[in-house]
Amino acid sequence: MFRKTVDTLNEFIIERQADFPYAKGELSRLLTHIALAAKVVNREVNRAGLVDILGATGDVNVQGENVQKLDDFANAKFALALKGSSECCGIVTEESDEIIKFDTDMAKDGKYIVCIDPLDGSSNIDVNVSIGTIFSIYRRISKRGHIAQIEDFLQEGTKQVAAGYIIYGSSTMMVYTTGRGINGFTLDPSIGEFCLSHRNIQIPLNGYIISVNEGNYKQFCPGVRKYIDYCKEIDEETNRPYTARYIGSLVADFHRNLLKGGIFMYPPTKKHTQGKLRIVYEANPVAFLVEQAGGVAVDHDGRRILDIKPDDLHQRVPLYIGSRNMVETLLEFLEKNEE
Ligand code: P6P
């Protein structure tokens, strides 16, 4: 009997569609279009050093960051794929101040909106360090058949119907959830397909990796500093000192901690008093994923990231995310050393 040896992403999406009895395939089609755009971006990322796509465009985005050529390329490819899916009526992207409303009749009838960071970690592009795409999918609130409205994009993270990321690293992987667990697919370039490689990912309850930019150590509050010091103490019983790993690409740091266990922290600093990461297209998608994997994601007050109602498209939030026991220990340090 022929035994299917590989689950491609498309097969997996279709199989899982059965989990949603009322689904007519719109979400499946949307996810398939995201995967297609990811393959196109992956090709360009992998040859970035060979074509004139490295370096900055000379523009500055809404974040005040220099836009890299590959940022622009990725942004354009994902926007095109999402508009072409006819399931998405609009997007918010790190690269645009305002929401992008799709105005074709098919797109205006789209049931979903997408929040996306097309290429996160772009400061790492020119030095060949892993980068990623982060996406989050919601049902629209505004009426179908009309253009998307701002309230479609300012929903709590608990309203996400799907979220995921693509990591362009030693291999290219797409990791996503639709609320029934989290699965990882590795791109097999020889067949041009994402193939199931990490089924039902669960993050270890305990981890021994701490990810934080210690260049900001003196700007952190006492509780964060004391927790970092705690992680460095020598204590064989609790496997300390922990290992410090910080790549400077959220997707790469998050992906490693998801598989091995660990905590990623972006606390408030003098420059980023509300943290650096954006709720809508960075914190919410990884928070949905980590909770689906059995982990925790909170802000500096210990609030669940997914419960926060964003007021602004590019609103930032302090982020503590990863293995449950590590985040809970950090919160104890924050509480004990409240300013
Ligand atoms: P810092 C990349 O620019 C990014 O938005 C995230 O991917 C990453 O985790 C963070 O910023 C790194 O910020 O201030 O430590 O360089």
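User: Which pocket of the protein does the ligand take up?

Analyst: The model discussed here is predicted. Within this model, the ligand takes up space in a pocket, and that space can be ranked by size. The pocket in question is the largest pocket.

User: How many residues surround the ligand, and which classes do they belong to?

Analyst: A residue counts here if one of its heavy atoms lies within 4 Å of the ligand. The closest are Asp120, Asn213, Tyr246, Leu250 and Tyr266, and the full number is 13 residues. By class, this shell holds five nonpolar, four polar and four charged residues.

User: What distances separate the polar side-chain atoms of Lys276 and Tyr266 from an oxygen atom of the ligand?

Analyst: For a polar contact, the two N or O atoms must be within 3.5 Å. Lys276 places a polar side-chain atom 3.0 Å from a ligand oxygen. For Tyr266, the corresponding value is 2.7 Å.

User: How far is an N or O atom in the side chain of Asn213 from an oxygen atom of the ligand, and what share of the ligand does the protein bury?

Analyst: The side chain of Asn213 has an N or O atom 2.9 Å from a ligand oxygen. The ligand taken alone exposes 400 Å². Of that area, the protein buries 84%.

User: Where do the two domains lie in the chain, and how many residues does each give to the contact?

Analyst: The domain assignment places domain 1 at 9–198 and domain 2 at 209–336. Their centres, taken over C-alpha atoms, are 24 Å apart. The contact takes 50 residues from domain 1, and from domain 2 it takes 32 residues.

Technical notes
Residues are numbered from 1 along each chain as its sequence is written. This is a predicted model: local features need pLDDT of at least 70, side-chain atom pairs count only at pLDDT 80 or more; totals for chains, interfaces and linings use all residues. Side-chain values use heavy atoms; hydrogens and water are left out. A polar contact is a pair of N or O atoms within 3.5 Å; within protein, one must be able to donate a hydrogen and the other to accept it, and residues adjacent in sequence count only if both atoms are side-chain atoms. Accessible areas come from the Shrake-Rupley method with a 1.4 Å probe; for residues, only the protein chains shown count as cover. On a 1 Å grid over the protein atoms alone, a cavity is a set of points where a 1.4 Å probe fits but cannot get out, and a pocket is an open set with protein on both sides within 12 Å along at least five of seven lines; lining residues have an atom within 4 Å of a point. A molecule sits in a cavity or pocket if more than half of its atoms lie within 2 Å of its grid points. Ala, Val, Leu, Ile, Met, Phe, Trp, Tyr, Cys and Pro count as nonpolar, Asp, Glu, Lys and Arg as charged, and the others, Gly among them, as polar. Domain bounds come from an automatic or database domain assignment. Contact means heavy atoms within 4.5 Å.
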